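Hi everyone, thanks for coming. I'd like to take a few minutes to walk you through one protein model, so let me put it up on the screen.

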Amino acid sequence: MLVLGIESTCDETGVALVRGTELIADVTASSMDEHARFGGIVPEVASRAHLEAFVPTLEEALARAGFGLGDVDAIAVAAGPGLVGSLTVGNSAAKALALALNRPLYGVNHVIGHAVVDELVHGEFPGRTMSLVVSGGHTSLLLFEGGSTALAAGGVTELGHTLDDAAGEAFDKVGRLLGLPYPGGPHIDRLAREGDPTAIAFPRALTAPKDQAKHAYDFSFSGLKTAVARWVENCREAGHEVPVADVAASFADAVADVLVAKTLRACEEHGVDTLVIGGGFSANSQLRELAAARGAEAGIDVRIPPIRYCTDNGAMIAALGSALVRNGAPASSLGIGVDSSMPLNTVLV
Ligand code: KG4
Ligand code: ZN
């Protein structure tokens, strides 16, 4: 089955073709350059950019694959969570294609796609798989019971999530206060590599023994962001030059430390020895290094796809669609709506 995947939740228009767990073509257009000067995504600008980019992106994906539309067996589209206008463009296109080609439509969850894309790189998920999905909008711990085969039966449990900012969002906000361009995440990553992660002791939220009962698998980064802001302000008020690399390194270490500690603990407590990390923030080098090192110590197989699969793309949606098709999930109705706040235990609408 050749599955066409369509992604339009935020600022990337992605179209990909997947067969089984093999990626055949993956093309992404981004409108990020149009948003950068506003310091954040402008939803109306993003929607219009999707409208302009969709057909050329589809045509390029088909051309690279050497296939025509008639070769497509099923269509998967990210139905949420994301920006309503952006989602609507991709979903309208997906429905039009499904109707015109008379092929089944699968409206899938974007965040779960961030985890399942790893099947294109490291093969099908084993029986029980933990996933940490970290992006600009999400920080969630997901347990796949029965691997990806359980997806068709909705076998995904969200063990925890951020109570306030997502990891990427916290990086972008700290980037802004350090005067870095938007999005700040990659800039902090780069600066942090030149700094000392032990220079400043920033807080690790929800890691105290008292938090274990209610928030063992939840995260919180807004207090950390405020702590960084206060530290930088004090430094400036005292007339000192801000040691930007050390601030970045200490902040990045605090985020990676909490993400990895909580995730590995969840693996241990649920008897899971495969961990998949996905989402735009999994491009972060401090997180990648710490997860690899501590995962190896704990005997956990840590799977992180290459960076090009971590940011939003069509391959993640095609990969999830393919897993659903392979496992006999029922197709969606052509009447489905988009869901900007789709819950993470919903795999397919
Ligand atoms: O998944 P994604 O492409 O879009 C969302 O669905 O949010 O994630 C984008 C987020 C942004 O916050 C960006 O700053 C962050 O991921 N990010 C990084 C790095 N690369 C991207 N944050 C830290 N270090 C990086 N290397
Ligand atoms: Zn995403």
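**A helix pair to start, then the domains**

Let's begin in helix α2, which covers residues 43–65, where Glu60 and Arg64 sit four residues apart, about one turn of the helix. Before going further, please keep in mind that this is a predicted model. The side chains of these two, Glu60 and Arg64, meet in a salt bridge, with N to O at 2.3 Å. How exposed are the two partners? Glu60 is partly exposed, because its relative accessibility is 35%. Arg64 has a relative accessible area of 52%, so it counts as exposed.

Helix α10, residues 244–269, has a pair with the spacing of about one turn: Arg265 and Glu269 are four residues apart there. Their closest N and O atoms are 3.0 Å apart, and they form a salt bridge. Arg265 comes out as partly exposed at 36% relative accessibility, and Glu269 is partly exposed too, at 46%. While we are on charges, there is also a network: Asp165, Glu169, Lys173 and Lys225 are joined by salt bridges that share partners.

One more pair for you is Arg193 with Asp189, whose side chains meet in a salt bridge at 3.1 Å, N to O. Which partner is buried and which is exposed? Asp189 is buried, because its relative accessibility is 6% and the cut-off for buried is under 20%. Arg193, with a relative accessible area of 56%, is exposed. For the whole model, the count comes to 14 salt bridges.

Now let's zoom out to the domains. The domain assignment gives domain 1 as 2–117 plus 313–326, and domain 2 as 160–307. Taken over C-alpha atoms, their centres are 29 Å apart. So how many residues are in contact across the boundary? Eight residues of domain 1 are in contact with eight of domain 2. The area buried between the two domains is about 540 Å², and carbon and sulfur atoms give 68% of that. On the domain 1 side, Met32, Gly39 and His114 lose the most area to domain 2, and together they make up 58% of what that side buries.

How many salt bridges link domain 1 and domain 2? The count is zero. For polar contacts between these domains, the count is one residue pair. If you want to find the domain 1 side on the screen, look at α1 (32–36) and α4 (110–116), the elements that give two or more residues to it. That side of domain 1 divides into five nonpolar residues, three polar and no charged.

Next, let me take you to Asn109, in strand β5, residues 105–109. Asn109 is buried, because its relative accessible area is 0%. What does its side chain reach? The Asn109 side chain reaches the backbone oxygen of Thr346 at 2.9 Å. Leaving out residues up to four places away in sequence, Asn109 touches Gly80, Pro81, Leu320, Met342, Pro343, Leu344, Thr346 and Val347.

Two of those neighbours, Gly80 and Pro81, bring us to the backbone. The peptide bond from Gly80 to Pro81 is cis, with omega near -10°. Pro81 lies in the loop between β4 (74–80) and α3 (84–101). A cis peptide bond also joins Tyr182 and Pro183, where omega is about -10°. You'll find Pro183 in the loop between α6 (167–177) and α7 (185–192).

Let's finish with phi angles. Asn102, which is not a glycine, has a positive phi of about 60°. Asn102 lies in the loop between α3 and β5. Leu206, a residue other than glycine, has a phi near 60°, and Leu206 is found in the loop between α7 and α8 (212–215). Is each of these two buried or exposed? Asn102 counts as exposed, because its relative accessibility is 67%. Leu206 has a relative accessible area of 15%, so it is buried.

To recap, we saw a boundary between domain 1 and domain 2 with zero salt bridges, a buried Asn109 whose side chain reaches Thr346, and cis peptide bonds at Gly80 to Pro81 and Tyr182 to Pro183. Thanks for listening!

Key. Residues numbered from 1 in each chain as written. Chains lettered and ligands numbered in written order. Predicted model: local features only at pLDDT ≥ 70, side-chain atom pairs only at ≥ 80, totals over all residues. Heavy atoms only, no water. Domains from an automatic or database assignment. Contact = heavy atoms within 4.5 Å. Buried area = accessible area lost by both parts, 1.4 Å probe. Salt bridge = Lys/Arg side-chain N within 4 Å of Asp/Glu carboxyl O. Polar contact = N/O pair within 3.5 Å; in protein donor to acceptor, adjacent residues only side chain to side chain. Nonpolar A, V, L, I, M, F, W, Y, C, P; charged D, E, K, R; others polar. Buried < 20%, exposed > 50% of the residue type's maximum accessible area, 1.4 Å probe, protein only.
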